[in-house]
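Here's a quick briefing for anyone meeting this structure for the first time. Have a look around, then read on for a few places to start.

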Amino acid sequence: MCPLTSHTEETILEIDLNALAHNYAFLKSHLNPYTKMMAVVKAFGYGSDAAEVAKELEKLGVNYFAVAYVKEGVSLRENGVKSPILVLHPLPHHFEELIDNCLEPAIYSTRILDGFLKIASEKKQQNYPIHIKINTGLNRLGFTAAEMALVAETCTASNTLKVKSVFSHLAASEDLSEREFTLQQIKNFKKIASDFIEKLGYPVIRHQSNTSTIINYPEAQFEMVRTGIGLYGYGNNAKVDQQLRPVATLKTVISQIHSLKPGDTVGYNRAHEVTKPTQTATLPLGHADGISRQYGNGNGWVLIHGKKAPIIGNVCMDMLMVDITNIPCEEGDEVIVIGKDHNAEDWAKKVGTISYELLTALSQRIKRVTCRK
């Protein structure tokens, strides 16, 4: 646990658990009192630390967790997470391991349903919790409306499986220009889920909302919502972002300072040529750490003593160089790469991508440190 103020001597990713709690409370404030919350902690907790995030959210009262793959769920169990865990994209090869670790699969096709039923039966399971995925327009995973009658028949033919929830994914809930399409998805889900639940003959949880839906379509909360990026401090909306707090701060240090003269070049392929006396700082992180080459040559920047230092030249595998001309600093000084005042959304917009991509690309070789600020 790092102190309230810290100076790093290496590249680290600070995970602020107080910021996580703040974001959780903000999102909860937009829910009805009876609405459950599923926290999405896939991809190492959106690039942070899935186990530490999940354990903190468990203390705060989150109802469910979601991961993409079985391996991620097993890791949470090994780190002491006891709450229910939905695996959004389970593969048949891992069904036995899934059951052995009390994980709950999303069932999204007849092949997956039949395959999981076979394994669960062989392991003599009774009322094993499963979650039925409906495709309402994202066209990624899920049953069609026409398949749902057979799904209900299969699920009720024995006591091996018990449907815990029925759910779907919205395609463009953050884009209000797609409001008509989103409302149609919500309408379709409501109808398909209602018919399915009637055929099952018992109540199940419904969930379709992600972070943007919580904010933009409060009528679509149903019994549970799923939130991922919002917990980590990003809301896909500038006004919402102002009310959230980025959980992750990427810090590094200055390894070496160079004084260059006009005509000197910086980095591979001599991508940047100096036209006036310039000072540069070399930092110990690069595209192997998740700062891709697209951020080079002025597209990305860092903060040194509160001042912007643009990246110059091509980003290297393990290093990048920044222009520190007119920024008083020394070798060993701390550098903020991504943080509260220069967040992942700022970086992402510069190169036409999204905060999710940058955050989840942060390499696992970067040391994670939990904090409370």
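Two strands count as paired if DSSP finds at least two bridges between them. Keep that in mind for the strands near the end of this tour, and remember that you're looking at a predicted model.

**The whole protein**

- The protein has twelve helices and 19 strands.
- Its C-alpha trace spans about 80 × 45 × 40 Å along the principal axes.
- Of its 373 residues, 53% count as buried.
- Take the contacts between residues at least 6 apart in sequence: 67% of them join residues at least 24 apart.

**Surface and charge**

- About 16800 Å² of the protein is exposed, and carbon and sulfur atoms supply 50% of that area.
- There are 40 positive and 40 negative charges, and the mean positions of the two sets lie 4 Å apart.

**Helix α4, a helix with two sides**

- Which residues of α4 are buried? In this helix, which runs over residues 70–78, they are Val-70, Gly-73, Val-74, Leu-76 and Arg-77.
- These buried residues sit on the same side of α4, because they cover an arc of only 160° around the axis.
- A general point helps here: an α-helix has 3.6 residues a turn, so residues three or four places apart point the same way.
- Turn to the other side of α4 and you'll find Lys-71 and Glu-78, which are exposed.
- What covers the buried residues of α4? The cover includes helices α3 (50–60) and α5 (95–100), along with strands β3 (64–67) and β4 (85–87).
- Just after α4 comes Gly-80, with a positive phi of about 90°.

**Strands β15, β16 and β17**

- Strand β15 (residues 301–304) pairs with strand β16 (residues 307–312) in the antiparallel sense, over four bridges.
- One place to see this pairing is Ile-304, whose bridge partner in β16 is Lys-307.
- β15 and β16 make a hairpin with two residues between them. One residue to find in the turn is His-305, which has a positive phi of about 50°.
- β16 also pairs with strand β17 (residues 320–323), again in the antiparallel sense, over two bridges.
- For this second pairing, look for Ile-312, whose bridge partner in β17 is Met-321.

Notes:
Residues numbered from 1 in each chain as written. Predicted model: local features only at pLDDT ≥ 70, side-chain atom pairs only at ≥ 80, totals over all residues. Heavy atoms only, no water. Buried < 20%, exposed > 50% of the residue type's maximum accessible area, 1.4 Å probe, protein only. Arc of directions from axis to C-beta. Contact = heavy atoms within 4.5 Å. Areas by Shrake-Rupley, 256 points an atom, 1.4 Å probe, with all protein chains shown as cover. Lys, Arg positive; Asp, Glu negative; His and termini not counted. Charge placed at Lys NZ, Arg CZ, Asp CG, Glu CD.
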